[in-house]
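Me: I'd like to learn how to read a ligand site and a charged pair in a model. Could you walk me through one?

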Amino acid sequence: MSLIEQYETVKRSLPEGVTLVAVSKTHPAEMIRELYDAGQRIFGENRPQELREKYDQLPHDIRWHMIGHLQTNKVKYIAPFVELIHSVDSDRLLAVIDKEAAKNNRTIDVLFEIHVAAEETKSGWEPDELRAYLAGGAWRAYTHIRCRGLMTVATQTDDEARIRSEFTTVHDLLAELRDRYFDATFDTLSMGMTHDYPIAIACGATMVRIGSKIFGARNYGPAAQ
Ligand SMILES: *Cc1c(COP(=O)(O)O)cnc(C)c1O
């Protein structure tokens, strides 16, 4: 199947109300341009410099999402234009995003990344850590960020029951935190990738991040291995 055919297949598999983030990391600007011409506007990247370069090369009405672990010293590359940062995993990062957003006269939408997967290497807040952080209230001082919801990456496994249970935990946490600290605009649940997005949607995802099913396998090259 061609890139556009794969894209259309993925689009058709999404119910109304589920937003597609086309994860274009490692893929060239020309492929993004092809999808742009087919109507896709939201693209996700996980490296700030790569995101910045693609922003410079492509139409400026593309809505760029940062989906990967973000170091505080890299926020400046994307703060002038990024639409949504999915991967907020510390107060320190939130503070820097707030500061860089203010410098750019913007308000940046963010999601808290929740760690529910078995892999220790994955980043994000444990649910109890985030509960304690929000109760502490430091985040209330940040005037140039808007907390829009939660993001998670499930365990890499064929055990569907396990994946479903992780997604359900994050779904329930969204409702709990919305009621306790936020309002109806805390409504974004970013979960589901190529191998598990149908499960994520069944568990209430409002946003899925799909790369390989659209673009094909990624080749990181020898340097990145
Ligand atoms: C790469 C990536 C994706 C997309 O993964 P695919 O399996 O290619 O769909 C989604 N979310 C995050 C955080 C990623 O890093």
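Me: Where does the ligand sit?

Reply: Happy to help; keep in mind that this is a predicted model. The ligand sits in the largest pocket.

Me: Which residues are around the ligand?

Reply: Start with the list of neighbours: Val23, Lys25, Ile67, Met151, Met193, Thr194, Arg209, Ile210, Gly211, Ser212 and Arg218. Sorted by class, this shell has 5 nonpolar, 3 polar and 3 charged residues.

Me: Which side-chain or backbone atoms lie at short range from an oxygen atom of the ligand?

Reply: For polar contacts, look for N or O pairs within 3.5 Å. A side-chain N or O atom of lysine 25 is 2.6 Å from a ligand oxygen, and a polar side-chain atom of threonine 194 is 2.5 Å from one. Glycine 211 uses its backbone instead, with an N or O atom 2.8 Å from a ligand oxygen. As for cover, the ligand alone exposes 390 Å², and the protein buries 89% of that.

Me: How many salt bridges are there?

Reply: Side chains of opposite charge can pair when their charged atoms come close. The count here is 15 salt bridges. One of them joins the side chains of glutamate 100 and lysine 103, at 3.1 Å from N to O.

Me: Why are glutamate 100 and lysine 103 separated by about one helical turn?

Reply: Because they are 3 residues apart in helix α5, which covers residues 91-103.

Methods:
Residues numbered from 1 in each chain as written. Predicted model: local features only at pLDDT ≥ 70, side-chain atom pairs only at ≥ 80, totals over all residues. Heavy atoms only, no water. Near = heavy atom within 4 Å. Polar contact = N/O pair within 3.5 Å; in protein donor to acceptor, adjacent residues only side chain to side chain. Areas by Shrake-Rupley, 256 points an atom, 1.4 Å probe, with all protein chains shown as cover. 1 Å grid on protein atoms, 1.4 Å probe; cavity = no way out; pocket = protein on both sides within 12 Å on 5 of 7 lines; lining within 4 Å. Sits in = over half its atoms within 2 Å of the grid points. Nonpolar A, V, L, I, M, F, W, Y, C, P; charged D, E, K, R; others polar. Salt bridge = Lys/Arg side-chain N within 4 Å of Asp/Glu carboxyl O. Helix = DSSP H or I, 4+ residues; strand = E, 2+ residues; numbered from the N terminus.
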